[in-house]
Amino acid sequence: MEMFDLSVIWAIIIGFGVIMYVLMDGFDLGLGILYPFAPDEESRDVMMNSVAPVWDGNETWLVLGGAGLLGAFPLVYSVFLPALYIGVFLMLAGLIFRGVAFEFRFKSRKNRRWWNRAFCWGSAVAAFAQGAVVGAYIQGFAVEDFAYVGGALDWLTPFTVMTGLGLMCGYALLGSTWLIMKSEGHVQEWAYRITPILLAAVLAVFMAVSLWTPFVNPDVWERWFSNIQLIWIFPALALAFAFLVYRSVQKRSEGLPFVATLGMFIFTYLGLIVSKWPVIVPPNYTIWDAASAPESQLFLLIGTLFVIPIVLTYTAWTYWVFRGKVKVGEGYH
Amino acid sequence: MELDPLLLSRLQFAFVVSFHAIFPVFTIGLASYIALLNGLFYKTENPAWDRLALFWTRVFAVVFGMGVVSGIVMSFQFGTNWSNFSQASANFLGPVLSYEVLTAFFLEAAFLGVLLFGRGKVPQGVHLFAAIMVATGTFISSFWILSANSWMQTPAGTELINGTFMITSWFEAIFNPSFWYRFTHMGMASFLTGGFVVAGVSAWFLLRGRDVEANRKALSMCLWLLLVLAPAQAVVGDFHGLNTLEHQPTKVAAMEGNWETRSHAPLLLFAITDQEAQTNRFEIGIPSLASIILKHSPSGVVPGISEVPRDEQPPVWIVFWAFRVMVALGFLMIGVAIAGAVLRKRGTLYSNPLFLKTLVGMIVTPFVAVLAGWIVTEVGRAPWLVYGMMNQAESVTPSLTGGMALFTLIGYVAVYAVVFWAGIYYLTKVVRNGMLPEGEQEEVTGETERPSRPLSAAHTPFDDADPARS
């Protein structure tokens, strides 16, 4: 295996899985967060119908990420999960509740109120927990001798609360721009109205994290400010896409706000990765320290390379079949 | 009182895995049954097979959905509560468990949608093919999971170097010594589960005179299946036990409640075990029978629990009683299957209310038997996680405190209580709703060519006050 560095290949696969998950589950979690603010029950139906066919496919990436980490980078798995113990529980509980709420809300009328609540709270808690995970990753973990040695709530700091709330805003923005694309009439009007507010909130957190991170983590400071490098292109592009979101909403474009929001997410994510690369368990362990044995990485790679294209094709097909607007009163169940 | 993170983690894992296991155990058997029904319809064109297939596919959809939801938690448990174990065994377990996830994804992406929603939209042969692939896929999934578990019971093909298991042979590790026994035993258990559920539900419908033709067919074929499988499972179980005797003698000793190594060991029917005193305070048994079963001779020497020091012994009473529950239910199943054959010969199979009611009651027995069986094999391995190589105390997450573990244990119990109450409640509604009237097609409301989620394949409303939607 001299020709390929399996750890790098796996880092790319896992990195791809994570961003796929964030983008795809992001907008449906975002709709859950926006749920209580929707103008009426009719718009809630539209919101739910717009993601109903795809949400569970979106979440499969999370399971694949978890299993893939155990196979390819067990150190990440065995440090992150203990360190984020409580957060992981909250995230899973949130995801389970909203998933079940999704299915039973459509089949229920008497108890619909309760399923609505479960959907909203589940989405909000899951999104917050994921944002806090990002913050905890930037902070780094107390690791000694390849095992986590910190406390139960080390991950919960003012910084991670901010990243948690920030990701909630980010997901809500993905949700509102998705809704612009998928709805019409007064629902779309509402989505147009809230998008700039959410964009402003996301940018505020973006700025705060960018200013705060170098203080939380000196290595990051070193990388970004020691000399001006090509990596500045990532935040620059993220900001450019943010501007594009704003402009396209003003111009009442329907698809562009969502696409531009995806661009914002992708370049922010790439910016985060270059801040840390090749460290995967901050502050000290690189992808090569965290890797499983090469034969294990190779063994798993074969099946993964076979299945991922099939899953991607199926995903693309699903989105294609469900393209177009969701109309008020149009039942999907 | 000091909260023990190890004990709480074990309780949590046992709880989560038991809840999860209920669903796949059922879907593995049911998937094959649905494929069979589709095959029969394809061959005979008899609409009764088609209606049965449609009905059970809906049930399958809900149970599959529940299995996926509860399975998500499983894939994180290893890391949150057993991080040392995850780190040590990742070279083997990581790829194997990932392959299970990949199998499930592949299945869902490629065939499940066609099975659930493709009826009438794709050629019948394609639909049948999808049904067969889903059934095959559920077996491949269980193949990986049982390989992982069997490796923990009878590790092979790996070498423990500096606290990490390194692969020396993938083949030996995957097809480790107890794998085929466990896989066969579990596969048959899934078929028995599917068989008893379908038989019980058909009996329930027959008692109410609903869809008599289709339900008679279903009941009849199930009882033929059970008549063969229930006794065969006892034979397979016996072989599995002999394999365990070879590799994990202490577990067998605990199952038998036998403390001292001896010949002419009795088969205990009842015993009050006393781990403190390393003996049974009271016992009723059949002389020499354990020796005969395990060593095929009354003078066969059967190992005792006290062969290993106390801190390497499993909690005997749990293993002992769980084993008896499993075996007793197994014999009950054989008895019911034989009773069915007798009634069939007399021609009163479909009209004997007592037998039909018994079948309804039997629905829960395979689930209880399967859980009891898993308790035997998992608790019987204690205190080892990887048998003879890594114990539970070494495996637990070092940073985990009792408070954290208690918090999530209560949390998971609460979450599952709500979610599974809703799921089981809904499932019973789907079943009670029964089959579509003959000749009537499932309504298709502008959903043509739409792929969808498993649970949405069932159109039954969740609560009653909803006549407009169905």
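**Entry 1: contact between chains B and A**

I looked up the interface of the predicted model and found that 56 residues of chain B are in contact with 55 residues of chain A. I then listed the elements of chain B that give two or more residues to the side touching chain A: α2 (47-81), α3 (83-117), β2 (164-167) and α14 (402-433). I noted that α3(B) gives the most to this side, with 18 residues. Sorting the chain B side by class, I obtained 32 nonpolar, 19 polar and 5 charged residues.

**Entry 2: domains of chain B**

I next turned to the domain assignment, which divides chain B into domain 1 (24-177 + 401-437) and domain 2 (221-382). I read a separation of 26 Å between the C-alpha centres of domain 1 and domain 2 of chain B. Between them I found 4 residues of domain 1 in contact with 6 residues of domain 2. On the domain 1 side of this contact I recorded 2 nonpolar, 2 polar and no charged residues.

**Entry 3: α1(B) and α6(B)**

I examined how helix α1 (residues 5-44) of chain B packs with helix α6 (residues 179-207) of chain B, and noted an angle of about 75 degrees with the axes 7 Å apart. I therefore entered α1(B) and α6(B) as roughly perpendicular to each other. From α1(B), I listed Val25(B), Phe26(B), Ile28(B), Gly29(B), Leu30(B), Ser32(B) and Tyr33(B) as making the contact. From α6(B), I listed Ala189(B), Ser190(B), Phe191(B), Thr193(B), Gly194(B), Gly195(B), Val197(B) and Val198(B). By class, I have 9 nonpolar, 6 polar and no charged residues in the contact of α1(B) with α6(B).

**Entry 4: surroundings of Ala173(B)**

I located Ala173(B) in helix α5 (residues 170-174) of chain B. Is Ala173(B) buried or exposed? I counted 23 C-beta neighbours inside 10 Å, so Ala173(B) is buried, the cut-off being 20 or more. Setting aside neighbours within four places in sequence, I found Ala173(B) in contact with Phe92(B), Trp151(B), Ala156(B), Gly157(B), Thr158(B) and Ile167(B). For one of these, Gly157(B), I also noted the C-alpha separation from Ala173(B), which is 4.2 Å, although the two residues are 16 residues apart along the chain.

**Entry 5: α8(B) and its crossing with α10(B)**

I checked the burial of α8(B) and found 7 of its 8 residues buried, so I describe α8(B) as largely enclosed by the rest of the structure. The buried residues are Thr250(B), Lys251(B), Val252(B), Ala253(B), Ala254(B), Met255(B) and Glu256(B). I traced what they pack against: α7 (212-247), β3 (267-274), α9 (289-295), α10 and α12 (365-379) of chain B. Just after α8(B), I noted that Gly257(B) takes a positive phi of about 65 degrees.

Of these partners I followed α10(B). I found that the axes of α8 (residues 249-256) and α10 (residues 316-346) of chain B come within 7 Å and cross at roughly 70 degrees. That makes α8(B) roughly perpendicular to α10(B), and I recorded the crossing as right-handed. On α8(B) the contact is made by Lys251(B), Ala254(B) and Met255(B), and on α10(B) by Val316(B), Val319(B), Phe320(B) and Phe323(B). I divided the residues of this contact into 6 nonpolar, no polar and 1 charged.

Key:
Residues are numbered from 1 along each chain as its sequence is written. Chains are lettered from A and ligands numbered from 1 in the order in which they are written. This is a predicted model: local features need pLDDT of at least 70, side-chain atom pairs count only at pLDDT 80 or more; totals for chains, interfaces and linings use all residues. Axes are lines fitted to C-alpha atoms, for helices over the stretch in contact, and angles run from 0 to 180 degrees between N-to-C directions. Helices (H or I, at least four residues) and strands (E, at least two) are DSSP runs, numbered from the N terminus. Angles under 35 degrees count as roughly parallel, over 145 as roughly antiparallel, 65 to 115 as roughly perpendicular and the rest as oblique. A crossing is left-handed if the near helix is turned anticlockwise from the far one by less than a right angle, and right-handed if clockwise. Two residues are in contact if their C-beta atoms, placed from the backbone, lie within 7 Å. Ala, Val, Leu, Ile, Met, Phe, Trp, Tyr, Cys and Pro count as nonpolar, Asp, Glu, Lys and Arg as charged, and the others, Gly among them, as polar. Domain bounds come from an automatic or database domain assignment. A residue is buried if 20 or more other C-beta atoms lie within 10 Å of its own, exposed if 12 or fewer, and partly exposed in between; C-beta atoms are placed from the backbone.
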